[in-house]
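Q: I have a structure open and don't know where to start. Can you walk me through it?
A: Sure, here it is.

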Amino acid sequence: MATAIINAQIVLPPEFGVRLDPNLALRFDSRSILSIDRPPQRGDTILDLTGRAIYPGLINAHDHLELNHYPRSKFRPVYANAHQWGEDFLPQLAEEPYVSLRRQPLSEQCTIGGIKNLRSGVTTVVHHNPLHPPLRSPDFPVRVVQHYGWAHSLHFEKNVRASFRKTPRGAVWMIHLAEGTDDIAAGELRQLHALGCLQKHTVLIHGVGLSAEDRQLVIAQGAGLVWCPSTNLFLLGATGDVRDFSAAGKLAIGTDSRLTADGDMFDELRAAARTGQLSIAALFRAVTTDAATMLRLRNVGTLLPGYAPDFFVAPASSDPYAALLSFTPHNLEAVYVGGQVRYQR
Ligand SMILES: [Zn+2]
C-alpha cells in the first residue's frame, strides 16, 4: 500500500530546489520513497497537504541519547579544554541532582533523547557511547545508527588504537577531538595521526582547536568533522572554523546532549547560522546529504526515490531552507519514520 502526498512543497537538496507541482505526488510505502515525479496511482492513499512543506528527516551526527534528561551543566565560566569539564563533571555524579537523575531507568533516559530529536525533525541519530539495548529497538522514536566505532577522547580512552581497530566493517569511527582552545587541543590531531587513526572512516567531533593546516590534513585523509557549535560556545566560549570541511562535503552537525547544548537540532542550526560561516544551503546539506555521505548512511537524508520515507511536515513558505532556522517543535505538524507517523502535533 502506497501513500501519495499531494499539493505540498517537497524540499529537495538545495541544488534541486523546492518542488510544488499540483499534478505530481510524493509517493511512499513503509520501505521507501517510490516516486516524486508521478501523479498518484490507482489504490494510493491520498494525503492532501496544501500549505505544508515536506522536509527530509534530519540527521543528528552526534548525541549522547541517555544524557538528555540532565540540566545544562558547567562548573567554571569557561574551559580551555573539555577534558577539564569532564574531570569537573565526574565527581558531580555523586551529587544532586545527578544522583537522582541517574536512577531513572535507562530506557526512559534514552527515550527522552529520542523524543528531543524527533520533535526537532531529526529521524536519524548517531549515538556516541555504547549502543544501549533501548537504542536497538525498532520502536525507538528515531533511527539510531547501529554500526559504529567510537572512543571518548584521547584524554579518556586508554587504548585508542584498539578502539579504532574494533570499528565494524563499513562503519565510521568517531572521537571527540581538539575540543578546546589550549595547546593540548592544538596538538591532538597530530597525536591521532601518529597513532594511525586518521583515515577515511575517521569522524572527528568538535575540532575547535584545529589549525588551518590540521583541517587540510583531515580533508586530505578523507576524514570529516561533526560540528556542535552551541556546546563549544557554552563550554569554551569559542567554536571551530568549519568552512573548509563544508566546502569539501565533510561537515555534519550534532546537537550533543542537553548537558551542554542549547537544546535540540533547531537550536543547533540557529547557533551554527549565528557564527556566520555557512550559507543556509550549506547548513542544510550538513544535516541531510553531506551527513549521510560522511557517516556512510546509505538511504537517508533526502526525499528521492529509493530513500527511506523519513520526513517531517511543517508550514510551507517562500524559502523553506531559510524557514528551518525559525522552527521550534511547535512548527512541526508530523514526523514520519519508515513511512509511519512517529509524532503528530
Ligand atoms: Zn559529545
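A: One definition to begin with: a charge sits over a ring if NZ of Lys or CZ of Arg is within 6 Å of the ring centre and within 35 degrees of the ring normal. Also keep in mind that this is a predicted model.

Q: Ok, so which ring does the charged end of Lys74 sit over?
A: The ring of Phe234; the charged end of Lys74 is 4.4 Å from the centre of that ring.

Q: And where does Arg72 lie?
A: Arg72 lies over the face of Phe234 as well, at 4.1 Å from the ring centre.

Q: Back up a bit. How many helices and strands are in the chain?
A: The chain has 12 helices and 18 strands. Its radius of gyration is 20 Å, close to the 20 Å that the globule rule gives for 345 residues, so the chain is as compact as a globular protein of that length.

Q: What box do the C-alpha atoms fill?
A: Roughly 60 × 45 × 35 Å, taken along the principal axes.

Q: And what share of the residues is buried?
A: Buried residues make up 57% of the 345 in the chain.

Q: Now the metal. What are the protein donors of the zinc ion?
A: His62 (NE2), His64 (NE2), His176 (NE2) and Asp256 (OD), which lie 2.1 to 2.7 Å from the zinc ion. Along the chain the donors follow the spacing H-x1-H-x111-H-x79-D.

Q: Where are His62 and His176?
A: His62 is in strand 8 (residues 58-63) and His176 in strand 12 (residues 173-177), so to speak of them together is to link distant parts of the chain, 114 residues apart. Both His62 and His176 are buried.

Q: What angles are there among the four donor atoms?
A: They run from 78 to 174°, and the site of the zinc ion is irregular.

Q: Different topic: sheets. In what order do the six strands of the open sheet come?
A: The order is 3-2-7-16-17-18, with mixed pairing. Strand 3 (18-19) and strand 18 (340-344) stand at the edges with a single partner strand each, so one side of each has no neighbour in the sheet.

Q: Do strand 2 and strand 7 run which way, parallel or antiparallel?
A: Parallel; two bridges join strand 2 (residues 9-11) to strand 7 (residues 52-56). Ile10 stands opposite Ile54 in strand 7.

Q: Back to rings. How many aromatic pairs are there in the whole structure?
A: A search finds 13. Among them are Phe266 and Phe312, whose ring centres are 6.3 Å apart with planes at 70°, so that pair is edge-to-face.

Q: Which elements does that pair link?
A: Phe266 is in helix 9 (residues 265-274) and Phe312 in strand 16 (residues 311-315), 46 residues apart. Both Phe266 and Phe312 are buried.

Q: Why is the pair of Phe284 and Tyr321 edge-to-face?
A: The planes of Phe284 and Tyr321 are at 85°, with the ring centres 5.0 Å apart, and planes over 60 degrees apart count as edge-to-face. Phe284 lies in helix 10 (residues 280-286) and Tyr321 in helix 12 (residues 320-323), so the pair ties together parts 37 residues apart in sequence. Phe284 and Tyr321 are both buried.

Q: Which residues do ring pairs link into a cluster?
A: Tyr70, Phe75, Trp85, Phe89 and Tyr98.

Key. Residues are numbered from 1 along each chain as its sequence is written. This is a predicted model: local features need pLDDT of at least 70, side-chain atom pairs count only at pLDDT 80 or more; totals for chains, interfaces and linings use all residues. Side-chain values use heavy atoms; hydrogens and water are left out. Rings of Phe, Tyr and Trp (its six-membered ring) pair if their centres lie within 6.5 Å; planes under 30 degrees apart count as stacked, over 60 as edge-to-face and the rest as tilted. Helices (H or I, at least four residues) and strands (E, at least two) are DSSP runs, numbered from the N terminus. Buried means under 20% relative accessible area, exposed over 50%, partly exposed in between (1.4 Å probe, protein chains only). Two strands pair if DSSP finds at least two bridges between them. Donors are N, O and S atoms within 2.8 Å of the metal (3.2 Å for Na, K and Ca); water is not among the atoms, so sites may look incomplete. Four donors count as tetrahedral if all angles lie between 85 and 135 degrees; four count as square planar and six as octahedral if opposite donors are over 155 degrees apart and all others between 65 and 115; anything else is irregular. The radius of gyration is taken over C-alpha atoms; the globule rule is 2.2 Å times the number of residues to the power 0.38.
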